[in-house]
Structure formats: C-alpha cells, structure tokens
Amino acid sequence: MKQKALTGLRVLEMGQLIAGPSAGRLFAEFGAEVIKVESPKGGDPIRKWRVVENGTSLWWYVQARNKKSITIDLRKAEGQEIIRGLAQEVDIIIENFRPGTLEKWGIGYEQLKELNPRLIMVRISGYGQDGPYKNKPGFGSIGEAMGGLRYLTGYPDRPPTRVGISIGDSISSLYAVIGAMMAVYHRDNGSGQGQCVDVALYESIFSFMESMLPEFDRAGVIRERTGSTLPGITPSSTYVCKDGKYVVIGANGDGIFKRLMVTIGLPEYADEPRFENNATRSEHADHLDECIENWTKTLSLGEVLKMLDESGVPAGSIYSIEDIVNDPHYQARGMIREVEVDGIGKLKVPGIVPKLSETPGDIDWVGPRLGQHNEEVLKDTLNLSNEDIEALIDQGIIGNVTNRSRN
C-alpha cells in the first residue's frame, strides 16, 4: 500500500454539519489523522440527517470516514482544558462556530497559538471573522444567496432556485483545505509559524462568479437568470431529444462549432462570418439553439450522443444517481466504492477525489461511532490514565461510550 500524501499531519476538527467536516474529510482521506470533536449529547447533527438506518444517517458514513471521534463538552472548563492540551499536539484546527464562540470559551486562535505557535486554525463562518455582519448566523444557503449564485440560478420568469446540494458549504470546505495547506507550506518552509485561515461562506461563492463584477463595473451589466444557457457562451445549452430525454451540448469552441454544424446538417453555418467566433455567435444564440434543438428532436438521446461523440463534440446526458451507479466510466475510475458497515452490511459510497499517482487517498474506515476513539486519543495524545478518563466520564465532560475498553 502506498503512503498517503498527508501521513503525519494531525488535524483537530471542531466543526459540525457540512463545511468544516467536509474539509476534515478531505484531510482524512489523504492520510491526515483527523480527530473529530463532538458533543457527548448526540454528536454531530449530521448523524441523524436525511436517510437514517439503524439510528445513523447513511450520509455520516461518508462525511466522517477515516476520522476518529471523541466527545467533549466544550462549554465546561474541563473540556476546554482538553482542547488546550490537544492544540499543542496537532498541526491544524478546523472550526465553524459563530465568530467569538471559541474566544468566549478561552480556546480561540490567539489564545491557543500562545501554547503552540505552529498551530494553524481554519475558521469557516457565514461572513468571516470581522466586518459588520460577523456576528450574524450564516449557513451555506445564505452564503449562496449573498454571494450571487442564487440570483443567477433558475429561469428569468420564475423565482430564484437553488442547486440541489449544499454547494456553498462544499466550496468553502475546498478553500479551507487549500488555505490550510498554504499555511502548512509557509510554516514548514522557513517561518515555523502557524496562522489563521479565515473562510467566509459568502466569499467562497462570490469568488466563483466569474466576470460578473468587472462587467458590472465597466459596462453596467447585471447578469440575470437564463435557465440552462450561459450568456455570451454559444452554443452551450440543454436540448430535448425525440424520446423526451435531454442532452447537454457544449460547442462554444470555434472548431467544435464547425463540427457540430456539419453534424446537424448545416455545413454552410460552419464558415458563415456571423458565426465565426464566440462573440458573433452569441449575438445569434437563440437562433442557433433553435437550429440545434430542431435536430435533436428528430433523434433519440442515444443517437444524438453517438453522432456527437463520433464528431468530437462535447455532449452528455443528465445523470440521475441510478445512471451514475450503472455507468462503466464511474466504475472504472473507482468512483463507486463499496464498504462494510456494522449492522448494515455492504454500502456504496463515493470514491476519492483527486487521484494522486504516488500518494493516493483511500477509505480506511467509515464514520465512527460517537466517542469511539475517546480512550485512544486521550491516552495516546494526552497521556491520561484510566482513572482520569473515568473521572471525565463521571463528570459528563466526555460522555459515556459503551464500547470503551477497561484495560
């Protein structure tokens, strides 16, 4: 088995739900030791979200894979003292509490870096650690709205809609990992000092808004909802086929456009000056989309895809999860994995992204039971004795874990 890229890196995850734990999952998949701190009273709420089987969410087995679970009551002084001890032993802390919460508990970044100057703290919040909105509660959905994504999503004659997943949280988790690894590189290549990585949900979304800001600044353009098309990128849209299924075609490259026109029986359009580049084509986007759909309506989805594949035109069908599971390319790339879960049996879960040739990530175990690693972490990392751990359990600081050993 190849060594993983982040073997030796230690991460303390103090977040819950989606953004912070998603970042922790990425670290864990690539070999970092990720210690997840949960409340003794029920743990991360995502353990109970969406489809639940045998008392645990199926989502949990993906979101918390490769992590170690410990339970600590962070509102109690003894629990805060455990965090101070762990902060001296880890490289990175991930947290997504409302700004000021950790400071109130005496375990904010400025307080912990006095104990460990090499510590990197990744802080994910709705609006960031400063600014007039910093104290407002913020979820990914609010970040998507404020960041500009919701305004653009949907059709112009209908209210704004949402993407069907928690995209704001997921994008923020990627920035969290990127920022943390930048800080690790800086620390380990000369400075020796950690730093704070401040990720705001709305800023993560805003950074994906392409040319919206300069176009508004210089041309007064306010991008609006346009359904399945992208303004100024032509042709690139969704078209209905003879069998009622939909195909997505992206032929906005000049050479690709020419091949598409030949394929759909309009070779004269391939060399017509008004369609010679993306800018001129975009002036006639509605006409081109109508021509393309007039062609797709005469063929089944399978026939359309076959012809476009043969012509070298990017095209694809819109996959449901059933389509994904049955797709041979997904399977060949290891993106449909099967794991064993106690009490459930075999469970399909997503594979690892990205794929590294020399130090690939992997799934070592599924999401742990609540507090499953209390003894392991507290003994090995903080050198606590059995008596110390029993005392913490009796006080309700770390919770009573039924599967703990008595050795």
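**Exercise 1. A hairpin.** How many bridges join strand β12 to strand β13?

Solution. Begin with the source of the coordinates: this is a predicted model, in which local features need pLDDT of at least 70, side-chain atom pairs count only at pLDDT 80 or more, and totals for chains, interfaces and linings use all residues. Residues are numbered from 1 along each chain as its sequence is written, and side-chain values use heavy atoms, with hydrogens and water left out.

Step 1: find the strands. Helices (H or I, at least four residues) and strands (E, at least two) are DSSP runs, numbered from the N terminus. β12 covers residues 336–341 and β13 covers residues 345–350.

Step 2: count. The two strands run antiparallel and are joined by 6 bridges. Two strands pair if DSSP finds at least two bridges between them.

Step 3: look at the details. Ile336 stands opposite Pro350 in β13. The hairpin has 3 residues between its strands, and Gly343 takes a positive phi near 85 degrees.

**Exercise 2. The parallel sheet.** State the strand order of the sheet that contains β1, and find its edges.

Solution. Step 1: the order is β5-β2-β1-β6-β7-β8, an open sheet of 6 strands with parallel pairing.

Step 2: β5 (67–71) and β8 (196–200) are the edge strands, each pairing on one side only.

Step 3: from one strand to the next, the twist averages 20 degrees. Axes here are lines fitted to C-alpha atoms, for helices over the stretch in contact, and angles run from 0 to 180 degrees between N-to-C directions.

Step 4: check one pair. β6 (residues 92–95) and β7 (residues 120–125) pair in the parallel sense over 4 bridges. Glu95 has Arg123 of β7 as its bridge partner.

**Exercise 3. A helix across the sheet.** Which strands does helix α18 lie across, and which of its residues are buried?

Solution. Step 1: α18 (residues 374–382) lies across β1 (10–13), β2 (33–38) and β5, and runs at about 90 degrees to β5.

Step 2: buried means under 20% relative accessible area, exposed over 50%, and partly exposed in between (1.4 Å probe, protein chains only). In α18, the residues Asn374, Glu375, Val377, Leu378 and Thr381 are buried.

Step 3: an α-helix has 3.6 residues a turn, so residues three or four places apart point the same way.

Step 4: the cover over the buried residues of α18 includes β1, β2, β5, α3 (77–87) and α19 (386–394).

Step 5: after α18 comes Asn383, with a positive phi near 60 degrees.

**Exercise 4. The antiparallel sheet.** Describe the sheet that contains β10 and the contacts of Lys245.

Solution. Step 1: 3 strands form an open sheet in the order β9-β10-β11, with antiparallel pairing. β9 (236–240) and β11 (315–317) each have a single partner strand, so one side of each is left without a neighbour in the sheet. The twist averages 25 degrees from one strand to the next.

Step 2: β10 (residues 246–250) and β11 pair over 3 bridges, and Val247 has Ser317 of β11 as its bridge partner. Helix α14 (residues 285–296) packs on the sheet, touching β9 and β10, and its direction makes about 35 degrees with that of β9.

Step 3: Lys245 is in the loop between β9 and β10. Contact means heavy atoms within 4.5 Å. Not counting residues up to four places away in sequence, Lys245 touches Tyr239, Val240 and Leu301. Leu301 is 56 residues from Lys245 in sequence, yet their C-alpha atoms are 6.2 Å apart.

**Exercise 5. Backbone exceptions.** Where are Pro235 and Pro354, and what are the phi values of Leu17 and Asn66?

Solution. Step 1: most residues other than glycine have a negative phi, and most peptide bonds are trans.

Step 2: a cis peptide bond joins Thr234 and Pro235, with omega about -10 degrees; Pro235 lies in the loop between α10 (212–219) and β9. Another cis bond joins Val353 and Pro354, with omega about -5 degrees; Pro354 is in the loop between β13 and α18.

Step 3: Leu17 has a positive phi of about 65 degrees and lies in the loop between β1 and α1 (19–29). Its relative accessibility is 14%, so Leu17 counts as buried.

Step 4: Asn66 has a positive phi near 70 degrees and sits in the loop between α2 (58–63) and β5. Asn66 is buried, with a relative accessible area of 3%.
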